[in-house]
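Subject: Structure for you to look at

Hello,

Here is the structure I promised to pass on. Please open it and keep it beside you while you read.

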Amino acid sequence: MLEVEELVKSYGSVQAVKGVSFSVRTGDIFTLLGPSGCGKTTTLQCIAGLETPNGGEIRMGDAVVYSARRKLFVPANKRRLGMVFQSYAIWPHMSVFDNVAFPLVHGGYSLPAADVRARVMEALAAVKMDAFADRPAPHLSGGQQQRVALARAVVHQPKLLLLDEPLSNLDAKLRDAMRVELRQMIKALGITTIFVTHDQVEALSMSDSIVLMEAGRIVQMGSPRDIYLAPQSSVTSDFMGRSNLIPARLIDAEAGVVETGFGRLTCKVSKGLDPSGAICVAVRPAAIGLERPADAGASAADLGENRFLGRIREVTFLGDVVEALVEIDGVALRASFSPYEDHAVDEEVVVDFGRGRCVVVNDDKNLSGAA
Ligand SMILES: Nc1ncnc2c1ncn2[C@@H]1O[C@H](COP(=O)(O)OP(=O)(O)OP(=O)(O)O)[C@@H](O)[C@H]1O
Ligand SMILES: [Mg+2]
């Protein structure tokens with residue numbers, strides 16, 4: 001549906017986007033994720049036609065909408081897009097109905113008034129705001145404004161919906177609820193969507209596909225599960241929630257055997273690992289098991305593969321989960337366990353690294369401080 005090829009965009013001497021390529025399947029919610037300043041909005045604006053790129057090509061369906069080589073640029077209003085930005089830009093002097101009708105009335109569609117009414121009410125129904133059609137726009141909550149902005153973005157039946165941090169103005173609780181709702185509304189409408197966010201939970205919960213960007217480049221692309229569970233670098237692992245990044249030396253790249261400061265680990269090997277580069281082991285706190293030595297069913301001399309004796313240094317009870325700082329041979333690691341289990345500070349534990357749950361990745365940012 002959408003293909004972006006080698007997209008480049010500079011502002012003066014700042015290279016905001018440095019050769020980004022991806023393709024988006026029809027009907028997917030496709031997310032550009034990354035820290036502030038990594039080039040998400042710039043990429044989206046280039047797709048929208050609100051910025052002119054410096055290089056590359058953008059295709060929508062069969063149409064080329066930008067090509068540096070062919071010196072081709074289709075203006076924004078000819079790209080059949082819907083957009084919602086962080087500030088919803090709901091016009092305060094108009095009713096909800098007039099806000100949503102605006103693109104149809106002023107977008108050169110010349111539809112009869114009855115058709116406008118039907119389409120506006122359909123869009124409002126899709127976002128469950130049809131009962132609010134006659135209400136003045138200022139009398140709406142943040143979440144309601146967000147829905148009206150979405151209705152206005154889809155009322156002219158765009159081929160592509162572009163959303164730039166549409167939830168970041170909402171308070172935390174509403175944002176949680178709107179994540180699920182927004183995904184359901186978009187899926188019900190069936191519109192291919194590019195979603196921009198710097199929030200990894202938002203990206204994981206809403207997307208069919210995620211592109212993780214850093215400093216104008218793509219670091220990794222994949223499904224939410226892939227990005228979370230199979231990071232290809234320490235950058236991805238670190239950005240996608242909390243991870244232990246354990247400095248290590250590669251012993252056997254085929255078998256995934258590494259030597260760490262506390263002993264040998266057998267791990268999964270990330271796709272595209274460069275065995276000649278610096279590596280580390282990425283392990284989520286939830287992937288680490290803690291057992292009492294007495295229950296572990298093994299002698300301290302031989303605990304078995306990926307198991308080590310450690311000591312709990314800190315315990316933080318968070319309700320849904322308990323976080324612990326565990327030390328093995330001077331190496332500190334974050335582990336988490338269920339609130340229905342009980343481990344105390346200073347307790348000796350057998351620390352179990354599930355073999356399929358540790359991943360050897362290239363330490364591309366030297367986050368782990370390995371040599
Ligand atoms: N109009 C502009 N003029 C000059 N530099 C710009 C302009 N817009 C963006 N930049 C720069 O380009 C880079 C990428 O910006 P962009 O807005 O795409 O980041 P972003 O990933 O959307 O970040 P955020 O999460 O903060 O919105 C940044 O270094 C930014 O300062
Ligand atoms: Mg932005």
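Below are my notes on it, from the whole chain down to single residues.

**Overall**

Keep in mind that this is a predicted model. The chain has 371 residues, and 38% of them count as buried. It holds eight helices and 22 strands. Along its principal axes, the C-alpha trace spans about 85 × 50 × 30 Å. Look at contacts between residues at least 6 apart in sequence: 67% of them join residues at least 24 apart.

**Two domains**

The domain assignment splits the chain into domain 1 (2-229) and domain 2 (234-362). Their centres, taken over C-alpha atoms, are separated by 39 Å. Seven residues of domain 1 and five residues of domain 2 make the contact. On the domain 1 side, strand S10 (209-214), strand S11 (217-222) and helix H7 (224-229) each give two or more residues. That side has four nonpolar residues, two polar ones and one charged one.

**The cores**

In soluble globular proteins, nonpolar side chains tend to be buried together. Which residues have the most contacts inside the largest nonpolar core here? They are Val100, Ala151, Leu162 and Ile194, in a core of 67 residues. Helix H4 (residues 142-154) is the top contributor, with six residues. Both domains take part: domain 1 (2-229) and domain 2 (234-362) each supply at least three residues to this core. Another core lies apart from it. That one has 26 residues, among them Leu245, Val281, Phe308 and Cys358.

Now zoom in on Leu162. Leaving out residues up to four places away in sequence, Leu162 touches Leu44, Ile47, Ala48, Leu81, Met83 and Ile194.

Val100 sits in helix H2 (residues 96-106). The buried residues of H2 are Val96, Phe97, Asn99, Val100, Ala101, Pro103 and Leu104. What covers them includes helix H3 (113-126) and H4. After H2 comes Gly108, which has a positive phi, near 75 degrees.

**Around the ligand**

Which residues surround ligand 1? They are Tyr11, Val14, Ala16, Gly34, Ser36, Gly37, Cys38, Gly39, Lys40, Thr41, Thr42 and His198. Two elements give two or more residues to this shell: strand S2 (14-24) and helix H1 (40-48). H1 has the largest share, with three residues. By class, the shell has four nonpolar residues, seven polar ones and one charged one.

**A set of paired strands**

Next, find strand S12 (residues 244-252). S12 pairs with strand S16 (residues 279-283) in the antiparallel sense, over five bridges. Within that pairing, Ala248 has Ile279 as its bridge partner. S12 also runs antiparallel to strand S13 (residues 257-260), and four bridges join the two. Here Arg249 is the bridge partner of Glu259. S12 and S13 form a hairpin, with four residues between them. Gly256, in the turn, has a positive phi of about 75 degrees.

**Two residues to compare**

Start with Pro53. It lies in the loop between H1 and strand S4 (55-60). Is Pro53 buried or exposed? Pro53 counts as buried because it has 25 C-beta neighbours inside 10 Å, and the cut-off for buried is 20 or more. Not counting residues up to four places away in sequence, Pro53 touches Leu7, Val8, Lys9, Cys46, Tyr66 and Ala68. Pro53 and Ser10 are 43 residues apart in sequence, but their C-alpha atoms are 7.6 Å apart in space.

Then go to Leu325, in strand S19 (residues 322-328). Why does Leu325 count as partly exposed? Leu325 has 16 C-beta neighbours inside 10 Å. A residue needs 20 or more to be buried and 12 or fewer to be exposed, so this count falls in between. With the same sequence neighbours left out, Leu325 touches Arg313, Glu314, Ala332 and Arg334. Leu325 and Gly190 are 135 residues apart in sequence, and 45 Å apart in space, C-alpha to C-alpha.

Best wishes

Notes. Residues are numbered from 1 along each chain as its sequence is written. Chains are lettered from A and ligands numbered from 1 in the order in which they are written. This is a predicted model: local features need pLDDT of at least 70, side-chain atom pairs count only at pLDDT 80 or more; totals for chains, interfaces and linings use all residues. A nonpolar core is a set of buried Ala, Val, Leu, Ile, Met, Phe, Trp, Tyr and Cys residues joined through C-beta atoms within 7 Å. Domain bounds come from an automatic or database domain assignment. Two residues are in contact if their C-beta atoms, placed from the backbone, lie within 7 Å. A residue is near a molecule or strand if its C-beta atom, placed from the backbone, lies within 6 Å of it. Ala, Val, Leu, Ile, Met, Phe, Trp, Tyr, Cys and Pro count as nonpolar, Asp, Glu, Lys and Arg as charged, and the others, Gly among them, as polar. Two strands pair if DSSP finds at least two bridges between them.
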